[in-house]
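Welcome, and let's take a walk through this structure together, following its charged side chains. Have the sequence and the 3D view ready as you read.

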Amino acid sequence: MSHSHDHSEAEEEQIHFANVIVTFKNYAQYSLSANNRRRKDFFTLPKQDQELLERLGYKAKLDLVDNAILANADFLSKVVSDPEIFGHGIEEESATYSPTDHQQSAAGHSHDHVSSDHSHSHGGHGHSHSHHHSHDGMSRNRQRYKPTDFDMDKLRSTLKQFVRDWSVEGTEEREACYKPMKDALVSHFADVPASERAQLRVLVPGTGLGRLAHDVAGLGFACQGNEFSHYMLLSSHFILNRTTEINAHTIYPYVHSFSNVVSDQDMMRPITIPDILPSDLPPGSNFSLIAGDFEEIYGAESDPDEPQSGQWDAILTCFFIDTAKNIVNYLRIIHKILAPGGVWINMGPLLWHWENNNTNDPSIELTLEEVKALARSMGFMISNERTINTTYTSNSQGMLGYVYHAAFWTATKQ
């Protein structure tokens, strides 16, 4: 790959990162404007209708929603208060439109249905974030970026991801999704004493806000998470490295839509995070997060200091494999980087993220039976198969919920 191509990719990534920062910072303006639309609609009604709604407390509710939005905005501003730790020089005024933003928005499917190196120390264990790209200064005099509806949808989804991974309310989803995976991991290595688990390397691609990887490290395994989304990376860094108290933050993730709401109390209920102290891992724990594309980082031996082939004892994919453009390559990489006898534990649906995209990206969509047949043909022996019914960042008190009949299995590399 040419140096100019590398430079272009680095600049595109830097632009996209800056645009994400702008999205975080524009949350209040965007969300207050959406809520103010309701006020305008209220005043278009006949006076008699306005009086009826006012007796119900509708206008007062809009004021409470404004307050909740401002509280969310304060929290989100803390998340992006120090973006330079990711190795990007941020000039907000130079954030600009980038084709990357619309390329990503083309993958319109989301499990959530709305739609330079640096390290930090946690007491007795090290937790690091690493980036696999270098970044030069971003061009100036660019048009200021205006976040799209899709950008804001991703940001609202990030708030719900905090609920799933780091709140008491998310316990039910975590028990449904993460617990079977952790149990299968421990069972597979039942002959390894807990005191020796640190010798076993576990990879969690698509780690999101990092709870599953964190919990695996808490079991004593050497665990590395991998994540591509800047929304997730900024947020996981904040919760893992810059949060020092249980329930330190309060967010209101359900105030953005008035549809399928049972009561005002349900819609505006506060969620406190985190439910545990992320830094409270056992002394000597090995837990890291690597930022970047799964295929680029683990699919090529580009770094002689970080060999991948046959180096992982376990790979846990939770709501991940359907993010592939080419599922064949995903499975090829998983098989390649597992050690002989290593285990791949999968949990999730097949909501192919790139299906019907409008950017001419390839997308191979297989049935569940085809995915399993492909895995077997590549040298996996699949066992412990079952279906687990679960939600994903669902509002447990709402009137509408999507339930996935998620596929679970344990596959051993032959």
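Let's begin at E173, a residue that is buried, with a relative accessible area of 8%. Keep in mind that you are looking at a predicted model. The partner of E173 is R164: the two form a salt bridge in which the closest N and O atoms are 2.8 Å apart. R164 is also buried, at 2% relative accessibility. Both values fall under the 20% limit used for calling a residue buried.

Next, turn to D275 and R211, whose side chains meet in a salt bridge of 2.9 Å, N to O. D275 sits in the loop between β6 (271-273) and β7 (286-291), while R211 belongs to helix α8 (residues 211-218), so this pair ties together parts that are 64 residues apart in sequence. Here, too, both D275 and R211 are buried. The two residues also have further company: R174, K182, R211, D215 and D275 are linked in a network of salt bridges.

For a contrasting setting, find helix α4 (residues 58-79), where K78 and D74 lie four residues apart and are therefore separated by about one helical turn. Their side chains meet in a salt bridge of 3.5 Å, N to O. How exposed are the two partners K78 and D74? K78 is partly exposed, with a relative accessible area of 37%, and D74 counts as partly exposed at 42%.

To place these pairs in a wider setting, a search of the whole structure finds 18 salt bridges. Those between R164 and E173, D275 and R211, and K78 and D74 make a friendly place to start exploring.

Methods. Residues are numbered from 1 along each chain as its sequence is written. This is a predicted model: local features need pLDDT of at least 70, side-chain atom pairs count only at pLDDT 80 or more; totals for chains, interfaces and linings use all residues. Side-chain values use heavy atoms; hydrogens and water are left out. A salt bridge is a side-chain nitrogen of Lys or Arg within 4 Å of a carboxyl oxygen of Asp or Glu. Helices (H or I, at least four residues) and strands (E, at least two) are DSSP runs, numbered from the N terminus. Buried means under 20% relative accessible area, exposed over 50%, partly exposed in between (1.4 Å probe, protein chains only).
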